[in-house]
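Reader: I have a structure open and want to learn how to read it. Where do I start?

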Amino acid sequence: MSKLVIVESPTKVKKLKEFLGKGYDVDSCVGHIRDLPSNKSQIPDSIKDKPWADYGIDFENGFKPYYVTIRGKSKVITQLKKKLKDCDELLLATDEDREGESISWHLIEALSPKVPIKRLVFNEITKEAILEAVEHPRELDMDLVQAQETRRILDRLYGYALSPLLWKKIGGNLSAGRVQSVAVRILVERERERRAFRSGTYWDLKATLAKGRDFEATLHSLKGKRIATSKDFDKDTGKIAADKDVHLVSEEEAKTLEKRLPDATWTVTSVEEKARRSSPQPPFITATMQQEANNRLNLSAREAMRVAQSLYENGFITYMRTDSTALSSEGVKGAQKAVRETYGEDHLHPSGPRTYEGKKSKGAQEAHEAIRPAGAAFAHPDRSGLKGAELALYRLIWRRTVASQMADERYTSTSVTIEVDDAVFTATGKRVDFAGWRKAYPTGDEGASELPALSNGDTVDCKDITAEGHETQSPARFTEASLVKKLQEEGIGRPSTYASIIDTILSRAYCVHRGKALVPTLTAFAVTGLLETHFPRLVDPTFTAKMEETLDEIASGDAKWEPYLRHFFLGPDGLQAHIAERMEVIEPEKARTIDLGDIPYTVKIGRFGPYVEAERDGEKVTASIPENITPDELTEDLVERLVEQKAAGPTVIGKHPESGEPVYVLDGRFGPYYQLGEAEGKKKPPRASLPRGKGVDDGDLEEALFLLSLPKTLGEHPEDGGRVFAGLGRFGPFVAHEKPGASKAEFRSLKKDDDLKTITITRALELLSEPKGTRGRGGTVIKELGKHPEDGDTIQILEGRYGPYVKHGKTNATIPKDTKPDDVTVEQAVTLLAEKKAKGGKGKGKAKPRKTAVKKKATKKKSG
């Protein structure tokens, strides 16, 4: 008989079969197999009348969770049970973190094995690591299982108790979460700082000087007093702070100096040189990898984790969910070997291996090894065979790991002072004496270039001088990278969950991307305001971090889970009682009102989004706030314009030359748009959005008539006689082909050089003949999965705004959150697509978030 080895991911199966050989049957459970029920339909009638039924947690009897088999996993369990009958031992080889330990426990519960059970753990998928794990198995760690179960129960209690209050007091499709709500508050607090910020203006001068070669110097002081820079301003007033004794250079003064100083004598009065060193950063942990992947590779946290998962499962890197910066002896030797081969023996750290064991993040989870290239001999990126994002991320991990064992950078910093009349300029430089670790991992902060040789008393030539005006800048918004860093520093949540947390706050419209920045919406302001007022502890970073510490104590066996949950949720001071009391007190009208402080208008959240409320001639006027307006852009002037436009009614820019109907330009929830004629009852008149970048004041009759005339017919398709037309849609200008008998037209976006006004049938046919892209749901193709058995067409896996999904033809189906995209098989994809079709889903219109609300309130997703 053989031994049954169960891993989480199908990707690992092939490699483990190869490493283990005969006598082992390797199969995958494809992620989680059981979880708490996600809706009432999964709960038996026998317990539906229980007060805890919606939670799936019996908090009346020791917080016993009620687990159900995840949709689509019954077949997996049946298959594993069948295989288990022919085996004499069960080896559970799920991931080595809490979640992996929990999956192993659920497998035992679901399979009820009668054979001996062993737990295999490894942090890289190499033959040596797998055989070592088989040679030294261990028992299931129930402390880790209990810690993961407690975390899951805690998150369910938090979200399912608090989210209904948000629905009732503010609006539907909102959610609260233990980490999610704190993350949103962090974004909101930064946006409040930006709104409160008052900019100050200051001037300085930059000079191009020469002594053998050019170098730059900046004005430091004038008439014996240091000149003001941005750090000297009070952010609340925009003026010089009271405790700062500095000289504020005005524009007039700067211009005068610009004219006066070039012809004066510039004399070096001091030269100071200092020998300095810099040491490499530790190898990656999950959080720092996500940060650097975002900063350097422009990968989102989710994309970084997806790529890292693939690298791990294909044997390129060690396990990517870790809070430990330590390297194993094998990792150290691998890094040292790479240094010798790539940079030379002299670039190795001279005092032996560098150690980073003590450098863990606050509230670190179970200590794995740092993320590094797998094996004892690191595959060089250029010879790895990887491509695209996988190559880019692997190269980053390789460089960071190798640099961690390299010698210090040695450099000389130079500071020079130059006097000219009553002004003092300074210049700084850096001479690299030995690049050391920076050769492998340049960080972009290498500093100033080297200055020419200068000595006290030297005179230098002024080749150019420029007066420059500056404004102090408001605090920068958080990016995904800086938010991950903030959460990590505060000990909030776990790095392995940050990607899903960011996805949740984006899908719930608590924030939007502006470039890389995460900008909180007005809905986020309303929700955060309610939680701060009525549940301040729950959005207090310190309290949330303390919760993480307690969960760590449960994992280590130093704390008991049931008393902790009881204290948190039940009793007179528990969350349940507090929510019940607040439910009676909170007034929806106040909860939906946002206090922006400096705007003398009422801003509220309504059924169709945020709006502003004001009085005009004794009557209440409400005006929608366009969705593209961010909170810091909502100034008194803008609100005044929105209210005035609404009070005055739409602006007429002309009449239609044929019908004589008025053509309006209006501002709405989705931005400015044109409208032909008046609205009659529920029937909407023809409308068309203004081109991106234009406002109501840019309304143009000729443009309006053209846009309102769309779509325009270009001709017939020569193959089937179907109509070919052009129009302007959500994703920009397009051409389309209506095939006779087809339920939906075939669309193609116009290229950069195409003009919607002048496009011809010939050009439209060229575009329609090109392969269709992936724009309909805004997704990026992850991989071609295979052929659909019914028609032979390709099934794709894509990464969309709200997460990964499978696509076949015009049908899109969301991949369950507990399943990794790389684990999806053709059979599973076909099942997901069939279920979507059965529900009438054809991937139309706007993509829905993965965590969507369904019609019955009791089935809404409540936690993030």
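Reader: Which strands does helix 21 lie across?

Author: First, a caution: this model is predicted. To place a helix on a sheet, list the strands under it, then take an angle. Helix 21 (residues 761-768) lies across strand 26, strand 27, strand 28 and strand 29. Its direction is at about 85 degrees to strand 28 (732-737).

Reader: In what order do the strands of that open sheet come?

Author: Read strand order from one edge to the other. Here the order is 26-27-28-29, and the pairing is antiparallel. Strand 26 (712-716) and strand 29 (746-749) are the edge strands, each pairing on one side only. From one strand to the next, the twist averages 25 degrees.

Reader: How many bridges pair strand 26 with strand 27?

Author: Count bridges, then pick a residue pair to fix the register. Four bridges pair strand 26 with strand 27 (residues 723-729), in the antiparallel sense. Look for T713: it stands opposite F725 in strand 27.

Reader: Now the open sheet with the order 22-23-24-25. Why is one side of strand 22 left without a neighbour in the sheet?

Author: Ask how many partners a strand has. This sheet has four strands with antiparallel pairing. Strand 22 (651-655) stands at an edge with a single partner strand, so one of its sides has no neighbour in the sheet; the same goes for strand 25 (687-689). The twist averages 25 degrees from one strand to the next.

Reader: Which residue stands opposite G671 of strand 24?

Author: G668 does. Strand 23 (residues 662-668) and strand 24 (residues 671-676) run antiparallel, joined by six bridges. Helix 20 (residues 701-709) packs on this sheet and touches strand 22, strand 23, strand 24 and strand 25. Its direction makes about 75 degrees with that of strand 24.

Reader: What about two helices? At what angle do helix 5 and helix 17 pack?

Author: Take the angle, then the axis distance. Helix 5 (residues 142-169) and helix 17 (residues 575-585) pack at about 5 degrees, with axes 10 Å apart. That angle makes the two helices roughly parallel. The contact includes L157, Y158 and L165 of helix 5, and I579 and M583 of helix 17. Its residues divide into eight nonpolar, no polar and three charged.

Reader: Where is the pLDDT below 50?

Author: Check the overall confidence before the weak stretches. The mean pLDDT is 87, and 93% of residues reach 70 or more. Over residues 358-367 it is below 50, and that stretch has 26 contacts beyond near neighbours in sequence. Residues 841-864 also stay under 50, with 69 contacts beyond four places in sequence.

Technical notes: Residues are numbered from 1 along each chain as its sequence is written. This is a predicted model: local features need pLDDT of at least 70, side-chain atom pairs count only at pLDDT 80 or more; totals for chains, interfaces and linings use all residues. Side-chain values use heavy atoms; hydrogens and water are left out. pLDDT is the predictor's confidence in each residue, from 0 to 100. Contact means heavy atoms within 4.5 Å. Two strands pair if DSSP finds at least two bridges between them. Axes are lines fitted to C-alpha atoms, for helices over the stretch in contact, and angles run from 0 to 180 degrees between N-to-C directions. Angles under 35 degrees count as roughly parallel, over 145 as roughly antiparallel, 65 to 115 as roughly perpendicular and the rest as oblique. Ala, Val, Leu, Ile, Met, Phe, Trp, Tyr, Cys and Pro count as nonpolar, Asp, Glu, Lys and Arg as charged, and the others, Gly among them, as polar.
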